[in-house]
Amino acid sequence: MYKKLTTLAALILFPFVISAQLVFNTFDTLPDSNYFSIYGNEGIYHTYVRLSLETTIVQEGSGALRVDWQNECYDQWGGWIGMTHTKPDSGFYDLSPYTHLSLWYYVEQKQSKPGQVEFRVILNDGGPGTTGEETEAWISHHWILDDDPGWHQLKIKLEDVGYM
């Protein structure tokens, strides 16, 4: 009886364990550029972002998204460049069942002046039919290039902090 209960409990819990993780992209192949946008000072002076497929230094699977970039700071306050990802069907990802967003990143070379380059993760919260006034943006700031060379995991807690 105990063995049957354990098996039944495992069969009931199995779908919940599987659904506890949503993978946006494994980057085993180069992502469709229709769903990534580069913006900011792109193309001004020597500022650029180049996306390519990395197949030799990977965290898991057979590929990783390599982002080569350069940002010339010609503005008085510095410079900026960004990259966005949108859902392929133009809808929204439902992140409500999840507790955190996890990103793996690789630092090829630690920057020489810590705190100079900021990595922001911005999540836009909305739903079908919402307007710009009805969406919210959660912004998380990180200085990932201050880390030592190698793979690192960035975990961002997803929590409803209410309307402020």
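**Figure 1. Burial and surroundings of His142 in the predicted model.** His142 has a relative accessible area of 15%, and because buried means under 20%, His142 counts as buried. The structure shown is a predicted model. His142 belongs to strand β7, which spans residues 136-142. Its side chain makes a polar contact with the side chain of Ser140, at 2.5 Å. When neighbours within four places in sequence are set aside, the residues in contact with His142 are Val117, Glu118, Phe119, Val121, Leu154 and Ile156.

**Figure 2. The largest nonpolar core.** Eight residues make up this core: Leu101, Tyr105, Val107, Val121, Ile144, Leu145, Leu154 and Ile156. Two elements, β5 (100-107) and β8 (150-157), give two or more residues to the core. Strand β5 supplies the largest share, three residues. In soluble globular proteins, nonpolar side chains tend to be buried together. Val121, Leu154 and Ile156 are among the core members, and these residues are also in contact with His142.

**Figure 3. Contacts of Val107.** Val107 is one of the residues of the largest nonpolar core. With neighbours within four places in sequence left out, Val107 is in contact with Ile144, Asp147, Asp148, Pro149, Gly150 and His152. Of these partners, Ile144 is also listed in the largest nonpolar core.

**Figure 4. A nonpolar patch on the surface.** The patch is formed by Ile38, Val67, Trp69 and Met83. Together these residues have about 310 Å² of accessible area. Trp69 lies in strand β3, which covers residues 64-70. The relative accessible area of Trp69 is 38%; since partly exposed is the class between 20% and 50%, Trp69 is partly exposed.

**Figure 5. Context for the close-up views: the whole chain.** The protein contains one helix and eight strands, in the order α-β-β-β-β-β-β-β-β along the sequence. Of its 164 residues, 15% count as buried. The protein exposes about 12,600 Å², and carbon and sulfur atoms supply 55% of this area. Among contacts between residues at least 6 apart in sequence, 63% join residues at least 24 apart.

Note on methods. Residues numbered from 1 in each chain as written. Predicted model: local features only at pLDDT ≥ 70, side-chain atom pairs only at ≥ 80, totals over all residues. Heavy atoms only, no water. Helix = DSSP H or I, 4+ residues; strand = E, 2+ residues; numbered from the N terminus. Buried < 20%, exposed > 50% of the residue type's maximum accessible area, 1.4 Å probe, protein only. Polar contact = N/O pair within 3.5 Å; in protein donor to acceptor, adjacent residues only side chain to side chain. Contact = heavy atoms within 4.5 Å. Areas by Shrake-Rupley, 256 points an atom, 1.4 Å probe, with all protein chains shown as cover. Patch = residues over 30% accessible without salt bridge, like charges linked within 9 Å, V, L, I, M, F, W, Y side chains within 5 Å. Salt bridge = Lys/Arg side-chain N within 4 Å of Asp/Glu carboxyl O. Core = buried A, V, L, I, M, F, W, Y, C linked by side-chain atoms within 4.5 Å.
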